[in-house]
Amino acid sequence: MNIPADENAARQLAGRVTVWGRFVRLSHWLLMLAVFAAWFTRHGFGQTHDLIGYFALAVAVCRLAWGFLDKGQARFSRFVRSPRVTISYARDVIKRSQKRYIGHNPLGGWMSMVLWSLVLLVCLSGWLYTTDRYWGVEWVETLHRYLTNGLLACVGIHVAGVIVSSIHDRENLVMSMIHGKKRAPGSDDIS
């Protein structure tokens, strides 16, 4: 039996809850695009690179503000968990017995904070390098480069975590960041 594509998509989304609102999804993808665009324009693109960096800074600041204002899963108090809970979750990941979270899991929550912090630091160090006082100062350029490398390494860890969680939870987390929905909570899920 052939099911029309739109009906099939509707069936796949049935039994799902909205987890990520439009703003969160849009800011996620815009920040991802800005980080990679900044990386690709790092040599010989001057002002274009600077403008992309300012854009990334604006997106990160807006998303961080939203973390205090949102009432749902994007609110920091919903997903930044204590070190004890995070370490316990990490142990469960190693044992492959971790629980499914509707929003960010404890490691994902902390990784989000690390990524946003690194974006802010990369942008601020890049801006500092453009000021009259620090233009051409080697330690500022080195700091900017090291922070950028750290950001890219954390992006890789983030992607690996998304893959591991997607496989373990049998849920495509990339798609949930596109349409905003995840499988409805079950008895073993934690908000």
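The legends below describe close-up views of a predicted model.

Residues are numbered from 1 along each chain as its sequence is written, and side-chain values use heavy atoms, without hydrogens or water. Because the model is predicted, local features need pLDDT of at least 70 and side-chain atom pairs count only at pLDDT 80 or more, while totals for chains, interfaces and linings use all residues.

**View 1. Helix α5, residues 83–94.** Helices are DSSP runs of H or I of at least four residues, strands runs of E of at least two, both numbered from the N terminus. The 12 residues of α5 should span 16 Å at 1.5 Å a residue, and the end C-alpha atoms are 16 Å apart, which agrees; the expected span is 1.5 Å times one less than the number of residues.

**View 2. The two faces of α5.** Thr86, Tyr89 and Asp92 are buried (under 20% relative accessible area; exposed is over 50%, partly exposed in between; 1.4 Å probe, protein chains only). These residues cover an arc of only 120° around the axis, so they lie on the same side of α5; the arc is taken from the directions from the helix axis to the C-beta atoms. Pro83, Arg84, Arg91 and Ile94 are exposed on the face turned away from the buried side. Cover for the buried residues includes β2 (100–101), α6 (106–130) and α7 (138–169).

**View 3. Glutamine 98, in the loop between α5 and β2.** Glutamine 98 is buried, with a relative accessible area of 8%. Leaving aside residues up to four places away in sequence, glutamine 98 touches Tyr89, Asp92, Val93 and His168 (contact: heavy atoms within 4.5 Å).
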